[in-house]
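Reader: I have a structure open in front of me and would like to learn how to read it. Could you walk me through it, starting with charged side chains?

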Amino acid sequence: MPPSPHETRFAVVGNPGNRRVEMFTDAALAAGLPAPRVLAWHDVLTGGAAFEPGETVRIDSPGEDEEVEWLLRGAFDLTRVEGTARWYARFTEAVRGIAAAARTAGATLLDDPGELAVLFDKRLCHGVLERAGVPVPPSPTSGPQAPPVRGWEDVRAALGTSGMRRAFVKLAHGSSASGVLAVETAGPGRVRATTSVERTEDGRLFNSLRVRRYDTEAEVASIVDRLAPDGLHIERWLPKASQGKRVADLRVVVVAGRATHAVVRTSRSPMTNLHLGGVRGDLAAARAAAEEAGVSWGEVLGIAERAAEQFPDTLCVGVDLLPGLRWRRFAVGEVNAFGDLLPRLTGLAGSGAEGLDTYAAQVAAVRHGHAPGQTRTDHGERKGHHRDAAG
């Protein structure tokens, strides 16, 4: 039987006062549950974690905290780009420690450490999706056997071998478009990159809220060479559909196997991230355009759910769907472990999360026994639940 409301006690590993932690706390309180016990990332990184028997443990993002950033990446400045390989090594080590502590205490973990390690390595994640038959952009760096990218010359060679004139070059362990370059080539020496990376005179790289362009191969090469030691992933730059003369994609949140929330993101630049000037688009118009092109809305959501199925022991992921020109086909760009920060967005009709934000949907899933490690009481009934529901 699913746990009763009085038996559900959450513990959250997060940054106290962070909006993610506060929104999840609000969702738990609104459901009539006790406020989650918050374990600060700083304390976990410096002294380890300890849980109580029966707690349900949520691992939240360690971002937006300077001291935590220093412990993970060795830099206080939250805008610095370099250091993601060190961040990844320390984060995954910490998550393994959290999982061990949860097992020792008899607590239920909502985020699997092995799956988080894959989700935070774009090369590994791409390989998992590709092997499962989930549509993804072609990539020469997909999977654990792909050769490493040592610098711009390797990027140049990979683009030439793959026949790519336009590609995204991404930090393997990056997030929120940090270090992403949309690269276009047109013959020897003709290279342009669109990115939020700001390069200082001494070569250091910082994230900026302004998307800029570098128009010489030397500039692009210097940035790529600086990023390469942290690990790089290359994907074909797929032409995307548009809304109102702005390129568009979709973030679909999947909770316990169900696509519960979706938002259209539009931008005048190749990066649609909302913090880089992207704006929310019209979801109903996106659905209508896809269906006019012969792609049912259920099929669109199904692609996101298929991506999430590859991470069955992680309660919630945010899947970035890339709609092709005229909304005729879709591919998965990324699967985000912490992709649920979508304030004021309520659930899709027919999803079981109507009227709930992304955090309330996760609380409801746990209460109804759909968390990883819990007994699912309606197995087999969830597939196809909203295939013909309104979006």
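Reader: Which residue forms a salt bridge with Arg-73?

Author: Here is the general idea: side chains of opposite charge can pair when their charged atoms come close. This is a predicted model, and in it Arg-73 pairs with Glu-69, with 2.5 Å between the closest N and O atoms. Both residues belong to helix 3 (residues 66-73), where they are 4 residues apart, about one turn of the helix.

Reader: Are Arg-73 and Glu-69 buried or exposed?

Author: For this we compare the relative accessible area with a cut-off: under 20% means buried. Arg-73 has 6% relative accessibility, so Arg-73 counts as buried. Glu-69 has a relative accessible area of 9%, so Glu-69 is buried too.

Reader: How many salt bridges does the count come to?

Author: The count comes to 26 salt bridges. One of them joins Arg-58 and Asp-340, whose closest N and O atoms are 3.1 Å apart.

Reader: Which parts does that pair tie together?

Author: Arg-58 sits in strand 3 (residues 56-59), while Asp-340 sits in the loop between strand 15 and helix 11, so the salt bridge ties together parts that are 282 residues apart in sequence. Use the cut-off again: Arg-58 is buried because its relative accessible area is 6%, and Asp-340 is buried because its value is 3%.

Reader: What about Glu-235 and Lys-170?

Author: Their side chains meet in a salt bridge, at 3.2 Å from N to O. This pair links distant parts of the chain, with Glu-235 in strand 9 and Lys-170 in strand 5 (residues 166-171), 65 residues apart. Glu-235 counts as buried at 4% relative accessibility, and Lys-170 is buried at 9%. Salt bridges can also share partners: Lys-240, Asp-249, Arg-251, Arg-265 and Asp-320 are joined in this way into one network.

Reader: You mentioned strands. What is the strand order in the open sheet of 5 strands?

Author: The order is 8-7-6-5-9, and the pairing is antiparallel. Strand 8 (205-214) and strand 9 (232-236) are the edge strands, each pairing on one side only. On average, neighbouring strands of the sheet are turned by 25 degrees against each other, direction ignored.

Reader: How many bridges join strand 7 to strand 8?

Author: Look for 6 bridges between strand 7 (residues 191-199) and strand 8, which run antiparallel. A good place to find your bearings is Val-197, which stands opposite Asn-207 in strand 8.

Reader: Now the rings. How many aromatic pairs are in the whole structure?

Author: A search finds 10 aromatic pairs. To read one, check the distance between the ring centres and the angle between the planes. For Phe-120 and Phe-338 the centres are 5.5 Å apart and the planes are at 55 degrees, so the pair is tilted. Phe-120 lies in the loop between helix 5 (113-119) and helix 6 (122-131) and Phe-338 in the loop between strand 15 (330-336) and helix 11 (358-367), so this pair ties together parts 218 residues apart in sequence. Both Phe-120 and Phe-338 are buried.

Reader: Which residues form one aromatic cluster?

Author: The cluster consists of Trp-41, Trp-87, Phe-91, Phe-120 and Phe-338.

Reader: Where does the charged end of Arg-166 sit?

Author: Arg-166 has its charged end over the ring of Trp-237, 3.7 Å from the ring centre. You can also look at Arg-80, which lies over the face of Phe-206 at 5.2 Å from the ring centre.

Key:
Residues numbered from 1 in each chain as written. Predicted model: local features only at pLDDT ≥ 70, side-chain atom pairs only at ≥ 80, totals over all residues. Heavy atoms only, no water. Pairing = 2+ DSSP bridges. Helix = DSSP H or I, 4+ residues; strand = E, 2+ residues; numbered from the N terminus. Axes fitted to C-alpha atoms, helices over the stretch in contact; angles between N-to-C directions. Phe/Tyr/Trp six-rings, centres within 6.5 Å; stacked < 30°, edge-to-face > 60°. Buried < 20%, exposed > 50% of the residue type's maximum accessible area, 1.4 Å probe, protein only. Lys NZ or Arg CZ within 6 Å of the ring centre and 35° of its normal. Salt bridge = Lys/Arg side-chain N within 4 Å of Asp/Glu carboxyl O.
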